[in-house]
Amino acid sequence: MGVRNKPAAAPAFNRIIVGDCVGELAKLPAGWADLIFADPPYNLQLDGELLRPNNSRVDGVDHDWDKFASFHSYDEFTRAWLAACRRALKPDGALWVIGSYHNIFRVGAALQDLGFWILNDVIWRKTNPMPNFRGRRFTNAHETLIWASRGAEARYAFNYDAMKALNDDLQMRSDWLLPICSGAERLKDPRGVKAHPTQKPEALLHRVLLASSAPGDVVLDPFFGTGTTGAAAKRLGRNWIGIERDQEYAEIAASRIRATEPLGGDILEVAKGKRAEPRIPFGTIVELGILQPGSIIYDPKARHAAQVRADGSIACKGAQGSIHKIGAHVQGRDACNGWTFWHYEAGGELKPIDGLRVEARSQLGLS
């Protein structure tokens, strides 16, 4: 009898791995990450110094990690790290990647070529962008995030109601107005110089993680930098792994995350709408005896009366069927939400049968 190979153990979480992300991800087992946030090099293709009108030098991105010999070499790099991330994702996992006009279109094409399914592109509009000092183009006031699931059929996480609550009960749009990282949040080295030229604001990661993950989920950042993803993940009760090839950045990130205080308990509970509640058929209301067979239910103005049958159907005006079908029938409509249309009598008042689902969930231990 042959010996089966044991599946690779899940990696240890809440740590920084120092090294190249493609090589380090290859050492880890497949299918463990719930969510990936990637802030790869943008390949800015800067040529020469950028000066302000007063001739002071702009502290831009001129590091070796952002330099590529050609678009072809950048594309090869992009496909390599995206493929490694795809391997790390769970089947229903998702990925966010951020970029500028220099690279995001090339990244988007590579995502689709590798089988990712693009869900949204989100515009991060900066409240305080850097001016265009040369005056030859529009001020570049935004960056683009692509949100993609691992595939077209993936059941990715989206906390719709939490995003709506965050936006004063309006649907969250795909244009986000947030400031760039500045002030006390901007990390500095011992000389007082910016520790990292492209540090992202924690508010941006707060929204990304709140929208598309849950407490206890595992978040991967393959370009960890100074640890914004890790700090936001720790604060929001997510597990995380960061991969960073620069030892100095990794040390700054580790110190930052150690100083981050996690939220806990009920604070991390997000708003949930009815779609998130366990489904309760009307027949269950009858089976549990919350409404007895033979009970009469009414439309909101008591113009129509329907009898509840033992199988969870209702009968009214010579027709029998579901609460939705008969609700549509008596109104002469194609569709009806029977839960809000039909009412039962209690204490001399008519109340929507939708409220009975609360009792059913309680009896079933689903509250």
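1. In this predicted model, leucine 111 touches Leu82, Leu95, Val97, Phe116 and Ile146, when residues up to four places away in sequence are left out of the count. Leu111 is also one of the residues that touch the most other members of the largest nonpolar core, a group of 29 residues in which Leu25, Trp32, Trp81, Leu95, Val97 and Leu220 share that distinction. A reader new to the structure may find Leu111 a convenient place from which to begin looking.

2. Which elements supply this core with at least two residues each? They are helix H1 (21–27), strand S2 (33–38), helix H2, strand S3 (89–99), helix H3, strand S5 (142–149), strand S7 (218–221) and strand S8 (239–244). Among these contributors H2 gives the most, with six residues. Another core, of 26 residues, lies apart from this one, and its members include Tyr42, Leu209, Ala233 and Trp240.

3. The packing of H2 against H3 deserves a closer look. Two packed helices are described by the angle between their axes together with the distance between those axes. For H2 (residues 71–88) and H3 (residues 104–113) the angle is about 45°, and the axes are 10 Å apart. Because angles between 35 and 65 degrees fall outside the parallel and perpendicular classes, H2 is oblique to H3. The crossing of these two helices is right-handed.

4. On the H2 side of this contact stand Phe71, Tyr74, Asp75, Thr78, Arg79 and Leu82, and they meet Arg106, Val107, Ala110 and Leu111 of H3. What is the make-up of the contact between H2 and H3? Its residues divide into six nonpolar, one polar and three charged. Leu111 thus appears both in this contact and among the best-connected members of the largest nonpolar core, those that touch the most other members.

5. The loop between S3 and H3 holds asparagine 103. Is this residue buried or exposed? Asparagine 103 has a relative accessible area of 1%, and therefore counts as buried. Leaving aside residues up to four places away in sequence, Asn103 touches Pro40, Pro41, Tyr42 and Tyr74. Two of these partners recur elsewhere in this note, since Tyr74 takes part in the contact of H2 with H3, while Tyr42 belongs to the core of 26 residues.

6. Glycine 19 lies in the loop between S1 and H1, and with a relative accessibility of 15% it counts as buried. What does glycine 19 touch, once residues up to four places away in sequence are set aside? Its partners are Glu24, Ile243, Glu244 and Arg245. The C-alpha atoms of glycine 19 and glutamate 244 are separated by 5.8 Å, although the two residues are 225 residues apart along the chain.

7. Two helices further along the chain are worth checking for burial. Helix H5 (residues 202–212) is mostly covered, with eight of its 11 residues buried, namely Leu204, Leu205, Arg207, Val208, Leu209, Leu210, Ala211 and Ser212. Helix H6 (residues 228–235) has six of its eight residues buried, so it is largely enclosed by the rest of the structure. The buried residues of H6 are Thr228, Thr229, Gly230, Ala231, Ala232 and Ala233, and they pack against S2, H5, S7, S8 and helix H7 (247–258). After H6 comes glycine 237, whose phi is positive, near 75°.

8. Some backbone angles also call for attention. Most residues other than glycine have a negative phi. Asparagine 14, however, has a positive phi of about 60° although it is not a glycine; it is placed in the segment before strand S1 (15–18), and its relative accessible area of 38% makes it partly exposed. Lysine 317 likewise has a positive phi, near 55°, and lies in the loop between strand S11 (314–316) and strand S12 (319–321). Lysine 317 is exposed, with a relative accessible area of 57%.

9. For the protein chain as a whole, there are 11 helices and 14 strands. Of its 367 residues, 43% count as buried. Among contacts with a separation of 6 or more, 65% are accounted for by residues 24 or more positions apart; the pair of glycine 19 and glutamate 244, with their positions 225 residues apart along the chain, has already been described.

Terms used:
Residues are numbered from 1 along each chain as its sequence is written. This is a predicted model: local features need pLDDT of at least 70, side-chain atom pairs count only at pLDDT 80 or more; totals for chains, interfaces and linings use all residues. Side-chain values use heavy atoms; hydrogens and water are left out. Axes are lines fitted to C-alpha atoms, for helices over the stretch in contact, and angles run from 0 to 180 degrees between N-to-C directions. Helices (H or I, at least four residues) and strands (E, at least two) are DSSP runs, numbered from the N terminus. Angles under 35 degrees count as roughly parallel, over 145 as roughly antiparallel, 65 to 115 as roughly perpendicular and the rest as oblique. A crossing is left-handed if the near helix is turned anticlockwise from the far one by less than a right angle, and right-handed if clockwise. Contact means heavy atoms within 4.5 Å. Ala, Val, Leu, Ile, Met, Phe, Trp, Tyr, Cys and Pro count as nonpolar, Asp, Glu, Lys and Arg as charged, and the others, Gly among them, as polar. A nonpolar core is a set of buried Ala, Val, Leu, Ile, Met, Phe, Trp, Tyr and Cys residues joined through side-chain atoms within 4.5 Å. Buried means under 20% relative accessible area, exposed over 50%, partly exposed in between (1.4 Å probe, protein chains only).
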